[in-house]
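Could you walk me through this model in the viewer, one selection at a time? I'd like to know what to pick next and what is there.

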Amino acid sequence: MLKNTLAAAISHTLLIPVLAFAHGSASTSGNVGEAREIQFPDTANHMTLVVDLHTHSVFSDGHVWPRIRVGEAIRDGLDAMAVTEHLEYQPHIEDIPHTDRNRSYQETMMSVPEGEDLLIIAGSEITRRPPHGHMNAVFIEDANELFSVPGNAADWDTASFGAAARNWPAENAVDAANEQGAFVFWNHSWSDFDNAKTVITDFHRQATLDGKLHGIEIANGSTYSPESFQIALDHGLTPVGVSDVHNLIDWDHEPHNGGHRPVNLVFTEERTVEAIRESLIEGRTVVWFRNLLLGQLEHMEPLLNASLQLIGTRYLGEDSGVLEIELTNVSDATFELENLSDYTLVQSHDIIEVPPHSSETYLLRTDGRPNRGDLQFRVLNALIAPDANPEMQFTFDVTSNF
Ligand SMILES: [Zn+2]
Ligand SMILES: [Zn+2]
């Protein structure tokens, strides 16, 4: 969704005097521009919200204060984000011995400048060794209920705290998250396997069957996992794509060079945290990773139809059988389309590229000079399964010309 940046800029300016306490709100000046914002159109029936469900700050093993995460999210045009600290891995515990594990969420909430409409989702990372691995619980109410160690956080060092916290069964943490209505997903599952190929474990299978595990990361940082994507499809888990950023988005994803963090495009009824939660539980999302769109056909199709449209067709001359078509792309994706129709492309072999946020014309040789016909393309930059691309069909009619 596009933001109302003017309103945001005005209220940010007005509120500066109020923000003299604590760390204040995130700076949104400098290096801000629409080119950096992740932009996909709403679909015919839903809003398209841009969401990152997995990031870190100094409250676990990240290297920045939460307000930096907020500033990055606003620059990236996110609609919603979660800062999901490791509950058990606390490398800064001796410098930041916080006893309330909701502090990171509170600091993140307080960092959103007045007038900005970034939604903050409360979440935590449940951190165990394989077979449980790491899981994120988002849309939680109280992070303190999701881990257990005796005594006071201020009395621990990192190693002994981690060992004590990991002793509490992962099942208990997942149960506690579900009691709060959380959306729980399996993080970077491939890192639990020596060959980096995810296989669903008995624990994750049972948690899925019990309705306690709802999603699985298929993209995290710079990694995509086809095995995890297949597990999502086979077991009805929601595919998730996240930054899992610990340093800076600018260093990891270079938005100034056209890069972007992995995100979920979530298709919702309205722009609220609860609507995002419901859509994720229902699996209504597509992952945006590098130039790939990854998701189930039923959710991919409306996004493709909203993003790419045939806006004009005409023959080059009165007797010409060469058809000029104009395609418009209102998304951030560079569409790579493989021609599947009998018409042949004049300017290339069988693949055309439609750059983001642009309209382009292409020439096709027709057989004869039909007034109406169908164009069929395979969308190479989208996957509806690890080895399957969606197809798009456009019907042209030169009797109603542009
Ligand atoms: Zn992790
Ligand atoms: Zn993480």
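## A tour from fold to metal site

Start with the cartoon view of this predicted model: the chain has 10 helices and 20 strands. Now show the C-alpha trace and turn it along its principal axes, where it spans about 85 × 55 × 35 Å. The radius of gyration is 24 Å, which agrees with the value near 21 Å for a compact globule of 402 residues.

Next, colour by accessibility. Of the 402 residues, 55% count as buried. Switch on the surface and you are looking at about 17100 Å² of exposed area, with 49% of it supplied by carbon and sulfur atoms. If you draw contacts between residues at least 6 apart in sequence, 70% of them join residues at least 24 apart.

Now select the zinc ion (ligand 2). Which protein atoms are its donors? They are NE2 of His54, NE2 of His56, OE of Glu125 and OD of Asp244, at 2.0 to 2.5 Å from the ion. Angles among these 4 donor atoms run from 76 to 161°, and the site is irregular.

Add the zinc ion (ligand 1) to your selection: the two ions are 3.4 Å apart, and Glu125 coordinates both. Then highlight His54, in the loop between strand E1 (47–52) and helix H2 (66–75), and Asp244, in the loop between strand E8 (238–242) and helix H8 (249–253); the pair therefore ties together parts that are 190 residues apart in sequence.

Last stop: are these two buried or exposed? His54 is buried, with a relative accessible area of 0%, and Asp244 also counts as buried, at 12%.

Technical notes
Residues are numbered from 1 along each chain as its sequence is written. Chains are lettered from A and ligands numbered from 1 in the order in which they are written. This is a predicted model: local features need pLDDT of at least 70, side-chain atom pairs count only at pLDDT 80 or more; totals for chains, interfaces and linings use all residues. Side-chain values use heavy atoms; hydrogens and water are left out. Donors are N, O and S atoms within 2.8 Å of the metal (3.2 Å for Na, K and Ca); water is not among the atoms, so sites may look incomplete. Four donors count as tetrahedral if all angles lie between 85 and 135 degrees; four count as square planar and six as octahedral if opposite donors are over 155 degrees apart and all others between 65 and 115; anything else is irregular. Helices (H or I, at least four residues) and strands (E, at least two) are DSSP runs, numbered from the N terminus. Buried means under 20% relative accessible area, exposed over 50%, partly exposed in between (1.4 Å probe, protein chains only). The radius of gyration is taken over C-alpha atoms; the globule rule is 2.2 Å times the number of residues to the power 0.38. Contact means heavy atoms within 4.5 Å. Accessible areas come from the Shrake-Rupley method with a 1.4 Å probe; for residues, only the protein chains shown count as cover.
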